[in-house]
Amino acid sequence: MDDDLMTVPEVLAALNNVSRRTFYRWRELGIAPACIRLPNGELRISRKDLRIWLEQRREVAA
């Protein structure tokens, strides 16, 4: 389902094991996928938002 929420470790794994530090740096720079902060402080990312974020970064071969 496209609206499933992913944990940060799941997103890191989907991004070929990008480091947690890199992900949080992207957040500091405002270039990470959209996140949802739960009341307990944990972050979640919807699969749909991750897919859109990746598509926006697709480069066309020249």
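**Exercise 1. Find Leu38 in this predicted model and say which elements flank it and how accessible it is.**

Solution. Start with the chain: Leu38 sits in the loop that joins strand 2 (36-37) to strand 3 (43-46). Next, turn to accessibility. Leu38 has a relative accessibility of 26%. Buried would require under 20% and exposed over 50%, so Leu38 counts as partly exposed. Finally, take a distance: the C-alpha atoms of Leu38 and Val8 are 12 Å apart, with these positions 30 residues apart along the chain.

**Exercise 2. Work out how the strands are arranged, and which of them stand at the edges of the sheet.**

Solution. Begin with the overall order: three strands make an open sheet, arranged 1-3-2 with antiparallel pairing. As a reminder, strands of a sheet pair through backbone hydrogen bonds, either parallel or antiparallel. Now look for the edges. Strand 1 (5-6) and strand 2 each have a single partner strand, so each has one side without a neighbour in the sheet. Then zoom in on one pairing: strand 2 and strand 3 run antiparallel and are joined over two bridges. In the register, Arg37 faces Leu43 of strand 3.

**Exercise 3. Describe how helix 3 is placed against the sheet.**

Solution. First pick out the strands it crosses: helix 3 lies across strand 1 and strand 3. Then take the angle, which is about 65° between helix 3 and strand 3.

**Exercise 4. Find the aromatic pairs and classify the geometry of each.**

Solution. The structure has two such pairs to look for. Take Phe23 and Tyr24 to begin with: their ring centres are 5.6 Å apart and their planes meet at 90°. Planes over 60 degrees apart count as edge-to-face, so this pair is edge-to-face. Check the surroundings too: Phe23 is buried, at 0% relative accessibility, while Tyr24 is partly exposed, with a relative accessible area of 28%.

Now for Trp26 and Trp53. Their centres are 5.5 Å apart and the angle between the planes is 45°, which makes the pair tilted. Place the partners in the fold: Trp26 belongs to helix 2 (residues 20-29) and Trp53 to helix 3 (residues 47-56), so the pair links distant parts of the chain, 27 residues apart.

**Exercise 5. Is each partner of the tilted pair buried or partly exposed?**

Solution. Recall that buried means under 20%. Trp26 has a relative accessible area of 21%, so Trp26 is partly exposed. Trp53, at 8% relative accessibility, counts as buried.

Technical notes
Residues are numbered from 1 along each chain as its sequence is written. This is a predicted model: local features need pLDDT of at least 70, side-chain atom pairs count only at pLDDT 80 or more; totals for chains, interfaces and linings use all residues. Side-chain values use heavy atoms; hydrogens and water are left out. Helices (H or I, at least four residues) and strands (E, at least two) are DSSP runs, numbered from the N terminus. Buried means under 20% relative accessible area, exposed over 50%, partly exposed in between (1.4 Å probe, protein chains only). Rings of Phe, Tyr and Trp (its six-membered ring) pair if their centres lie within 6.5 Å; planes under 30 degrees apart count as stacked, over 60 as edge-to-face and the rest as tilted. Two strands pair if DSSP finds at least two bridges between them. Contact means heavy atoms within 4.5 Å. Axes are lines fitted to C-alpha atoms, for helices over the stretch in contact, and angles run from 0 to 180 degrees between N-to-C directions.
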